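Trainee: I am new to this structure. Can we go through some of the labels and ask what stands behind each one?

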Amino acid sequence: MGALQSLSDEPEYRELAEKTGFSFEQIGILHKRFKQLSHNEDMLRRADLDTIPDLACNPIRTQIIEAFFDKRNFHQNGDGTVEEISFEEFLVVMSHFRPPALNMTEEQREKVRREKLRFLFNMHDTDNDGTITLEEYRHVVEELLSRSGALGKETAKGIADAAMLEVASISMGHMEPDEFYEGITFEHFLKILKDIEIETKMNIRFLNMDTTTLCK
Amino acid sequence: RVLSGTGYGGIHPIFLERGLLLLVMLIFLEGTALTLGAASSPDISAQDNTGGHEHLDDHQGIAGSNDRTNYTYTKKAFPVLSLDYHHIQVPFEISLWVLLASLMKLGFHLIPRLSSIVPESCLLIVVGLLVGGLIKLAGEEVPPVLDSNLFFLCLLPPIILDAGYFLPIRPFMENIGTILMFAVVGTLWNAFFVGGLLYAVCQIEGTYLSQVELLPCLLFGSIISAVDPVAVLAVFEEIHINELLHILVFGESLLNDAVTVVLYHLFEEYSGAGEVTPMDVVLGVICFLIVSLGGIAVGAIYGILAAFTSRFTSHTRVIEPLFMFVYSYMAYLSAEMFHLSGIMALIACGAVMRPYVEANISHKSHTTVKYFLKMWSSVSETLIFIFLGVATVAGPHAWNWTFVSVTVILCLVSRVIGVVGLTFIINKFRIVKLTTKDQFIVAYGGLRGAIAFSLGYLLDKDLFPMRTMFLTAIITEIFFTVFVQGMTIKPLVDLLAVKKKQEAKRSINEEIHTQFLDHLLTGIEDICGHYGHHHWKDKLNRFNKKYIKKCLIAGERYKEPQLIAFYHKMEFKQAIELVESGGGVKLPSAVPSQVSMQNIQPKKLPPPVAERALPQFTKGREEEIRKILRSNLQKTRQRLRSYNRHTLVADPFEDGWNDFLLKKQRLIELEKKMSNYLTVPGAIPDSPTMCRARLASDPNAFYNIKASSDGVPTIQVDLASPQSPDSVNMLNEFSKEGATGQSLGQREGATGLGQREGADRDEDQGLMMKPAGKGEKGEGGNKNPGLMRCLSDPGPSNEDEEDEPFLP
């Protein structure tokens, strides 16, 4: 709460705080973590994130790591990927997980929801064509089930197909037999996930309380 | 507990009147019967021993009883018909009460608008009052129906078990901090506030209450401050508010049992002594921890036992539900034995046992458990409210205007202050803050119920001379909350536009993304370096999967990740729905859409098919296939016919489910391979195996019905019984062009299984796997217009051949 006088680069923090909405303390903590991950360098690389041991058992770690290096998440209207990111970009990606403020209008909540869902969408849409195709969705489900050593790719395909069918049914209603559903667009994505209240779920509590239990 | 305000609007008014008349008559009859029962009871106690002995002796055939020496044998006419009420009295009365409760429940839903205005609980209390009144009018003593043993050992456990078993774990755990705050701190606050202020009021001159000590007041406060799960369930069931509020109030009502138990025992113990030292307070705190954690531990142990037992029940499916009920009840009784919190034990048992048991038991057992729980809890709840009414009429009352009115007001006030104050603190730690509307509902939903009354009833008459006054006040408070708050909460919810429960079924997309989010958030937490609660949840899940599931889940199913389990459940449900939606008729038009898999699959460039020589089947081959398929179908039918009282019907649909799935997957694979190469000319009309494969793999393809003008195959799902010859008819389709209505066996699984075995055999014989040759072609070059519409590849354009419906 309030500015920490001990921070030497306060003006920089102020700018970051304005841009991402974090408090100074949270920025300070995240900066510490950033430095820890990047071994005190200015830029963070994929390899640095790969070394986090807890991440190893996460089935979607590749996608998560990729999301950090995806220019679409930097809010600068770029696309493609980069090889290394600065602290500012790290912070911008993290800001997707900030909880919404208490007194928000419906409009603002909608905006926050879109932003978070956009992040998810970008994670699925790897070739950046604006739609999630069947192949991409299958890949998502396969990754999700990969750690479970499950009943194989067929079930993953089945699930992905059923899910895709559901999206198509909800979004398109009736389709002629020769019509073809290209893929899930962002609007359809919003529609099918509108019942999960994403703005309340996709948050990291850490960013709410200023605790400092940094782990390796 | 479904509100049925609709559906009976069209009933002729005469029926309504008759219904009401019947209802009243029934009440009267029941009342008289119970009165009779009550009337005979004093007589019994005198004769009981001798009467009992007499019967016993007669049954054992001992001639001439030895008890009564002046028994002279006089020859009477042989009693052809005699009335012996005492013999069956107790079970008869119990059954009468249960019947009364059930008929009441029935009756209320028949009367159209009544159930939407007045909550059921109120009506039931009124009925109880009526019955009690009738009994009293008859001049008999009202039986002490809300006797604490009966209540705590028989009526309460089913309700709590039902609640615990179906507790939505995820929202409960997500809000556990808030719930605990309300349950523990809130109840403590209520108890002391009400008790303390009541004592202060009692000390005021002129109220004639000065003999009420502090400790009894605090005891009273602790009894009356606990939110009652039965009442909350009864009222909240009908108002359908959103999940968060429901779980908050309901969770609070469940978890405050530990606090209530400790406070009650503490104050009861020390009311005799007259004072409480700080040491006692410390002991009380320790006691609280032991009571709550002990209760949960006991419940968890029994839950794990139940889960472990269910691992081995695959051969005795019939008694599976029994295990679950008995283990849960034992958990409750064991906890009560040590004065631990029985409610928490039950909840823990149900919640722990559920995921493992559901993976092990059959679908039928699951349904049985569900229905039995709902049935028992429903009857229990009804009985409790009726008994409340009866007990009101029965119990000795000592009305004291001051005491009662102060109680009611204080309860309300303390609840509101408590909720507001606690929310202020809690909101600092919550991501989703509680709004004022939420707070209001939480405060207003704090209903008191029968537990408070029973606890009051348990008080020792000698130790607490003001017991009757307490009881009167408790009853008044219960009536106030149930009637006033219960009746007005529904309009208030509508007025305040509180978010209601979302009825939408959970879709597979939501499931996928919920899982995805879980992993994502865990990953982000790891990157942040913070061991947040996602991290721990993930660790717990992995531990669960690695060790616990292996022990407690039978067979290979423990490896099944949640997503797959969900997907299978969904398919299963859809298959059942299909079967239930009625025989022989086209699927109802409540079909969401007309999208099928063909629309999804990306257009693949059709390979240069013209060059491929599509081989024809030799007649011999075809015969073989037909024979194999037919024999498999017969096998299935035979299996279904055998019946054994000790095992459920061997249900290939069920027991072979896993095999079925594996085979189905292989078939999907097959289908996809085929779809690449099949095109219009020479294609056989949708072969039964393919049809079934399509149906199996794609639940929505069930609904792929279009008007014939579209030229798309209309699938007529003939829900014929397995014994029907229809299932065999399709085999003849091989040779028919433009096949007539292909009926698919209703037991998609059953016949499908047979089919699948056949298909597998074919597969093994290499019929299908050859890329060039495609299975089951009809003989002759059938330039069949109907084609694999169901399969993905649209193929080259064939509009001119589409005008005939594939299947009429």
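Trainee: Why is Arg114(A) called partly exposed?
Mentor: This is a predicted model, and the value is computed from it. The relative accessibility of Arg114(A) is 33%. Buried means under 20% and exposed means over 50%. The 33% of Arg114(A) falls in between, so the residue counts as partly exposed.

Trainee: What makes Arg114(A) and Glu187(A) a salt bridge?
Mentor: Their side chains meet at 3.0 Å, N to O. The cut-off is within 4 Å, so the pair qualifies. Arg114(A) sits in helix H6 and Glu187(A) in helix H9 (residues 186–192) of chain A, so the bridge ties together parts that are 73 residues apart in sequence. Glu187(A) is partly exposed, because its relative accessibility is 45%.

Trainee: How do you know that Asp162(B) and Lys374(B) form a salt bridge?
Mentor: Their closest N and O atoms are 3.5 Å apart. That is within 4 Å, so the label holds. Asp162(B) lies in helix H5 (residues 148–165) and Lys374(B) in helix H14 (residues 363–394) of chain B, so the pair ties together parts 212 residues apart in sequence.

Trainee: Is Asp162(B) buried or exposed?
Mentor: Buried, because its relative accessibility is 4% and the limit is under 20%. Lys374(B), at 39%, counts as partly exposed.

Trainee: Where do Asp538(B) and Arg542(B) lie?
Mentor: Both lie in helix H20 (residues 533–552) of chain B, 4 residues apart, about one turn of the helix. They form a salt bridge, with the closest N and O atoms 3.1 Å apart. Asp538(B) is buried at 15%, while Arg542(B) is partly exposed at 33%.

Trainee: Why does Asp48(A) have no salt bridge?
Mentor: The nearest side chain of opposite charge is Arg45(A), 4.5 Å away. A salt bridge needs a pair within 4 Å, so this one does not count. Asp48(A) is buried all the same. It is found in helix H3 (residues 46–50) of chain A. Its contacts beyond four places in sequence are Leu37(A), Ser38(A), His39(A) and Met43(A). Arg45(A) itself belongs to a salt-bridge network with Glu41(A) and Glu84(A).

Trainee: Why is Thr313(B) called buried?
Mentor: Its relative accessibility is 2%. The limit is under 20%, so Thr313(B) is buried. Thr313(B) is found in the loop between H11 and helix H12 (320–337) of chain B. Leaving aside neighbours within four places, Thr313(B) touches Glu320(B) and Phe323(B). Ala554(B) is 241 residues from Thr313(B) in sequence, yet 9.0 Å away in space, C-alpha to C-alpha.

Trainee: What makes Leu293(B) exposed?
Mentor: Its relative accessibility is 54%. Exposed means over 50%, so the label fits. Leu293(B) lies in helix H11 (residues 278–310) of chain B. Leu293(B) is also one of the residues in a nonpolar surface patch of about 490 Å². Val276(B) and Ile296(B) are among the others.

Trainee: Where in chain A does pLDDT stay under 50?
Mentor: Over residues 1–6, for which the model has 7 contacts beyond four places in sequence. Residues 209–213 of chain A are also below 50, with 12 contacts beyond near neighbours in sequence. Where pLDDT is low, the predicted coordinates should not be read in detail. The mean pLDDT of chain A is 76, and 84% of its residues reach 70 or more.

Methods
Residues numbered from 1 in each chain as written. Chains lettered and ligands numbered in written order. Predicted model: local features only at pLDDT ≥ 70, side-chain atom pairs only at ≥ 80, totals over all residues. Heavy atoms only, no water. Patch = residues over 30% accessible without salt bridge, like charges linked within 9 Å, V, L, I, M, F, W, Y side chains within 5 Å. Areas by Shrake-Rupley, 256 points an atom, 1.4 Å probe, with all protein chains shown as cover. Helix = DSSP H or I, 4+ residues; strand = E, 2+ residues; numbered from the N terminus. Buried < 20%, exposed > 50% of the residue type's maximum accessible area, 1.4 Å probe, protein only. Lys, Arg positive; Asp, Glu negative; His and termini not counted. Contact = heavy atoms within 4.5 Å. pLDDT = per-residue confidence, 0-100.
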